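User: Hi! I am new to reading protein structures and would like to learn where the labels come from. Could you show me the structure and let me ask about it?

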Amino acid sequence: MFYQPRQLDEALRLRAQMGSDLTPICGGTDIIVALNRNGHGPKHYLDLSHVEGFSEVRRDNGSWELSGGTTFTKMGLLPVRALAEAAMTVGGPAIRNCGTIAGNLGTASPAGDGCVALLAVDAEVELTHATRGRRMIPIAEYFTGFRKTALLADELITAVRLPADWRTGWYKIGKRGSINISLVCAAIGLSPAGDVRIAFGCVAPTVIRAKSAEAIIARDGISDGAIEAAALAAMKDVSPITDHRASASYRRAMCGVLTRRILRQLRDEQAAGVQP
């Protein structure tokens, strides 16, 4: 059965009633690939692409609030560099016009470019149930294992909230600039209060933060010595695997390279007075 509600309340009610028998889709960019590969798909579909207001982007009291159906094309227009640049490396224009942030979070791939960018700014994920209401999960607590998350089977990902004033940077290593999966991707965020977040994709079972590297920058600032120490620490914080795309040693080395490159970029921009 293919359900296509027009109102969020109706979508939430269906999800609450049918739970894991009902798979939400919006752009379908991951589900359709899996369907083509496996030859069979979910029992029932919940198409959220017609839900009123489900693709809205709002600026609210110093934060950006992205509805779950916000597409990568829309995110590519946001003045949050890490997220915007990450969004523009996802697929080609047709995929970016369909793929959504809720889909990226729901799939929870360790290569999820949008997830890495959100991890670097301490975003929060809004999970909603028809009767229990909304709960906000810090994104650092959202990913619980390989393709596992805190989303319950009777909830929907309804929004993401992120700060609007962090200075951020992004870099992706892949065979091409877009239309391909990352070999390694990295995002770094610096808050006005001095918090630092260093996030990676494709180097662990989930997208992850390099907390040892973060601690060095938080303690010592963005000096040349601290950047070098953080780059070395980041290489130890990750646990990549070797697959047909890249070796574990290459991925680990690139975590150091990207940490060094993005931190230097952010430091130089801050010194030059470039606005976030």
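**How the labels are earned**

Analyst: With a relative accessibility of 43%, Arg147 counts as partly exposed, because that label covers values between buried (under 20% relative accessible area) and exposed (over 50%), with a 1.4 Å probe and protein chains only. Before we go on, this is a predicted model, in which local features need pLDDT of at least 70, side-chain atom pairs count only at pLDDT 80 or more, and totals for chains, interfaces and linings use all residues. Residues are numbered from 1 along each chain as its sequence is written, and side-chain values use heavy atoms, leaving out hydrogens and water.

User: Where does Arg147 lie, and what is said about its phi?

Analyst: Arg147 sits in the loop between strand 8 (143-145) and strand 9 (148-149). Its phi is positive, about 55°, although Arg147 is not a glycine. Strands here are DSSP runs of E with at least two residues, helices are runs of H or I with at least four, and both are numbered from the N terminus.

User: Why is Cys202 called buried?

Analyst: The relative accessible area of Cys202 is 13%, and buried means under 20%, so the label fits. Cys202 belongs to the loop between strand 13 and strand 14 (208-209). Its phi is near 75°, a positive value in a residue other than glycine.

User: What makes Arg96 buried?

Analyst: The relative accessible area of Arg96 is 10%, so this residue falls under the 20% limit as well. You can find Arg96 in helix 5 (residues 93-98).

User: How do you know that the length of helix 11 agrees with its number of residues?

Analyst: The expected span is 1.5 Å times one less than the number of residues. For the 24 residues of helix 11 (residues 248-271) that gives 34 Å, and the end C-alpha atoms are 35 Å apart, so the two agree. Just after helix 11, Gly273 takes a positive phi of about 80°. The buried residues of helix 11 include Met254, Leu258 and Ile262. They pack against several elements, among them helix 9 (211-220) and helix 10 (224-237), where contact means heavy atoms within 4.5 Å.

User: How does helix 10 do on that length check?

Analyst: Its 14 residues should span 20 Å, and its end C-alpha atoms are 20 Å apart, which agrees. Ala226, Ile227, Ala230, Ala231, Ala233 and Ala234 are buried in helix 10. Their cover includes strand 13, helix 9 and helix 11.

User: Why are strand 1 and strand 2 placed at the edges of their sheet?

Analyst: That sheet is open, with 3 strands in the order 1-3-2 and parallel pairing. Strand 1 (2-3) and strand 2 (22-25) each have a single partner strand, so one side of each is left without a neighbour in the sheet.

User: What makes strand 1 and strand 3 a pair?

Analyst: Two strands pair if DSSP finds at least two bridges between them. Strand 1 and strand 3 (residues 44-47) have 2 bridges, in the parallel sense, so they meet that limit. Within this pair, Tyr3 stands opposite Leu46 in strand 3. As background, strands of a sheet pair through backbone hydrogen bonds, either parallel or antiparallel.
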